[in-house]
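Here are a few notes to read alongside the structure. Take them one point at a time, with the view open beside you.

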Amino acid sequence: MGTGTSVIVTPASTTTYFVRAEGTCNTTSCVSLIVTVNTLSTDPSSASATPNPVCQGNSVSISVNGGSLGTGANWQWYSGICGGVAVGSGTTLSVTPASTTTYFVRAEGTCNTTNCVSVTVTVNTNSTPPTGITASVNPTCPSQAT
């Protein structure tokens, strides 16, 4: 692999390296070092929301689908744009949007940050109660339309 007091290695996976001195008179015992290679996160395939659409004031569960978390990674959720306003972390998150909102999720970890996927939660507006009722002719006579 190499000689000298230091060598540069680029391991693809966690690897144990050994070193010893070899000379004319003797060869020493080996000492070892484990070089740990962190894993990369992979892109999520999609995000989903249940239920969707939702009525104002109700919560919805948003979930990330596919992908994998690498070393030190978590699923991070944002609203508005990817990397925008942080709304939480985890595979599934409960949110209560006030209006129709697009949520983005990506893995953020020690070695990399993946691409975002998004889900739009449609918020239906609640009906408002009537403030009153009127009649065009009031009082009216029997069988007269109003």
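1. First, a term: two cysteine sulfur atoms count as a disulfide when they lie within 2.5 Å. Chemically, a disulfide is a covalent bond between the sulfur atoms of two cysteines. Keep in mind that this model is predicted. Searching the whole structure turns up 1 disulfide.

2. Which cysteines form a disulfide? They are Cys82 and Cys116, with sulfur atoms 1.9 Å apart. The pair ties together distant parts of the chain, 34 residues apart. Cys82 is in the loop between strand E6 (74-79) and strand E7 (85-89), while Cys116 is in the loop between strand E9 (101-108) and strand E10 (117-121). The link is right-handed, with 65° about the S-S bond.

3. How exposed are these cysteines? Cys82 is partly exposed, at 33% relative accessible area, and Cys116 is partly exposed too, at 23%.

4. Now look at Cys111. Its closest cysteine sulfur is the one in Cys116, 18 Å away, so Cys111 is too far for a bond. Cys111 is partly exposed, with a relative accessible area of 41%. Cys55 is also partly exposed, with a value of 38%.

5. Next, have a look at a sheet. Here 3 strands, in the order E3-E5-E8, make an open sheet with antiparallel pairing. Strand E3 (46-50) and strand E8 (92-95) are at the edges with a single partner strand each, so one side of each has no neighbour in the sheet. From one strand to the next, the twist averages 25°.

6. Finally, zoom in on E5 (residues 60-65) and E8: they run antiparallel and are joined by 4 bridges. Val60 has Val95 in E8 as its bridge partner.

Definitions and conventions
Residues are numbered from 1 along each chain as its sequence is written. This is a predicted model: local features need pLDDT of at least 70, side-chain atom pairs count only at pLDDT 80 or more; totals for chains, interfaces and linings use all residues. Side-chain values use heavy atoms; hydrogens and water are left out. Helices (H or I, at least four residues) and strands (E, at least two) are DSSP runs, numbered from the N terminus. Buried means under 20% relative accessible area, exposed over 50%, partly exposed in between (1.4 Å probe, protein chains only). Two strands pair if DSSP finds at least two bridges between them. Axes are lines fitted to C-alpha atoms, for helices over the stretch in contact, and angles run from 0 to 180 degrees between N-to-C directions.
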